[in-house]
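Let's take a walk through a protein chain together, one stop at a time. Keep the picture open as you read, and find each residue as we get to it.

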Amino acid sequence: AEKHAGVSCVTASMDDIQFEEAARVGQIITIKAKVNRAFKTSMEVGIKVTVQDVLTNVEKIVSVAYATYVAKPVGAGKIELEPVKLLSTDDHLEHTLAIERRRIRLGYEQVFQNLMQESNKEGDYYGTFEEEDAVSTDLTHVQSIELVQPPHANHHGNTFGGQIMAWMETVASISASHLCHSYPVLKSVNMFKFWGPSVVGDRLVFNAIVNNTFQNSVEVGVRVEAYNCEEWIKDQARHINSAFLIFNSVNDKGELLTFPRIKP
């Protein structure tokens with residue numbers, strides 16, 4: 001992203017990430033990234049991750065993801081990004097699809113805003129929720145606090161988006177594990193959005209809770225808030241990240257386990 005912009009960039013969001021394969025110790029991971037399209041001050045970067053087993057030499061796709069980066073201006077100057085040079089048929093296809101992904105991404109936000117407004121109008125729906133053997137979501141609430149240190153940040157001092165995602169996955173996995181007697185397996189990360197930056201020295205507070213279960217999968221919502229020293233003392237949080245993580249769980253035979261229903 002920075003190579004195309006010629007200036008520093010910050011991650012704005014990640015489209016939904018699906019995990020097709022699990023990468024394990026001893027396997028070789030290859031990561032390829034390229035700018036698919038530039039939109040004035042932002043751009044879409046396509047990322048493809050593959051894993052190769054050194055014993056069988058078989059290569060499989062782990063994940064294909066699309067990140068949106070915003071060019072960070074130097075001083076008061078405004079940055080207008082140059083169009084991407086399209087060299088191949090694949091380049092042209094991704095360039096066309098990028099505008100559709102952007103439209104869907106913006107549509108996501110509007111749909112969820114509308115749902116939240118309608119939910120507020122309907123009042124306390126969950127007050128009448130009753131189901132036998134349902135597990136209370138209170139039992140799945142997990143909180144974690146991390147201190148951002150230099151190895152967690154890039155050359156600008158901003159926390160790596162991937163580091164935040166790793167911390168989110170850990171706390172979400174613990175939350176999901178309260179509903180099953182096995183280790184949850186991450187299948188996708190949805191609506192991973194950066195609402196603001198965090199820097200070295202910040203304390204990041206992660207709150208995770210199960211939102212719902214769907215037979216063989218579970219959705220865990222994670223909210224991330226940041227505090228510098230002064231904000232920590234005053235209890236003034238900055239909401240910097242939110243995401244929804246989908247897990248399933250398997251037994252020793254590789255069979256999918258069923259999650260219990262939950263009581264919101």
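Start with Val 10, which is partly exposed, because its relative accessibility is 31% and that falls between the 20% limit for buried and the 50% limit for exposed. One thing to keep in mind as you look around is that this is a predicted model. Val 10 belongs to strand 1, which covers residues 9-14. What does Val 10 touch, once you skip residues up to four places away in sequence? The list is Thr 68, Tyr 69, Val 70, Lys 72 and Asn 158. Take Thr 68 from that list: Thr 68 and Val 10 are 58 residues apart along the chain, yet their C-alpha atoms are separated by 8.6 Å.

Now hop over to Thr 50, a residue of strand 4 (residues 42-52). Is Thr 50 buried or exposed? Its relative accessibility is 9%, so Thr 50 counts as buried, the cut-off being under 20%. Leaving out residues up to four places away in sequence, Thr 50 touches Ile 28, Ile 29 and Thr 30, and also Glu 59, Lys 60, Ile 61 and Val 62.

Both of these stops sit in a stretch that has a label. An unreviewed UniProt entry lists residues 1-75 and 138-253 under "domain: HotDog ACOT-type". Residues 1-75 are 59% strand and 5% helix, with 19 Å between the end C-alpha atoms. Residues 138-253 are 45% strand and 20% helix, and there the end C-alpha atoms lie 31 Å apart.

Let's go into that second stretch and look for strand 11, residues 238-249. Of its 12 residues, 9 are buried, so strand 11 is largely enclosed by the rest of the structure. Which strands does it pair with? One of them is strand 8 (residues 184-194), which runs antiparallel to strand 11 and is joined to it by 8 bridges. You can spot this pairing at Val 189, whose bridge partner in strand 11 is Leu 245. Strand 10 (residues 217-227) also pairs with strand 11 in the antiparallel sense, this time over 9 bridges. Here, look for Val 222 standing opposite Ala 243 of strand 11. While you're looking at strands, here's a handy rule: in a regular strand, side chains alternate between the two faces of the sheet.

Next come the rings. How many aromatic pairs are there? The count is 3. In one of them, the ring centres of Trp 167 and Phe 206 are 5.9 Å apart and the planes make an angle of 75 degrees, so this pair is edge-to-face. It links distant parts of the chain, with Trp 167 in helix 3 (residues 161-177) and Phe 206 in strand 9 (residues 203-214), 39 residues apart. Trp 167 is buried at 12% relative accessible area, and Phe 206 is buried too, at 0%.

Tyr 227 and Trp 232 make another edge-to-face pair, because their planes are at 85 degrees, with 5.1 Å between the ring centres. Tyr 227 is buried, at 8% relative accessible area, whereas Trp 232 counts as partly exposed, at 37%.

Stay with Trp 232 for a moment, since its ring has a charge over it: the charged end of Arg 203 sits there, 5.6 Å from the ring centre. For our last stop, find Lys 193, whose charged end sits over the ring of Trp 195 at 5.4 Å from the centre.

Terms used: Residues are numbered from 1 along each chain as its sequence is written. This is a predicted model: local features need pLDDT of at least 70, side-chain atom pairs count only at pLDDT 80 or more; totals for chains, interfaces and linings use all residues. Side-chain values use heavy atoms; hydrogens and water are left out. UniProt positions are given in the numbering used here, feature names are shortened, and annotations may be inferred rather than shown by experiment. Helices (H or I, at least four residues) and strands (E, at least two) are DSSP runs, numbered from the N terminus. Buried means under 20% relative accessible area, exposed over 50%, partly exposed in between (1.4 Å probe, protein chains only). Two strands pair if DSSP finds at least two bridges between them. Rings of Phe, Tyr and Trp (its six-membered ring) pair if their centres lie within 6.5 Å; planes under 30 degrees apart count as stacked, over 60 as edge-to-face and the rest as tilted. A charge sits over a ring if NZ of Lys or CZ of Arg is within 6 Å of the ring centre and within 35 degrees of the ring normal. Contact means heavy atoms within 4.5 Å.
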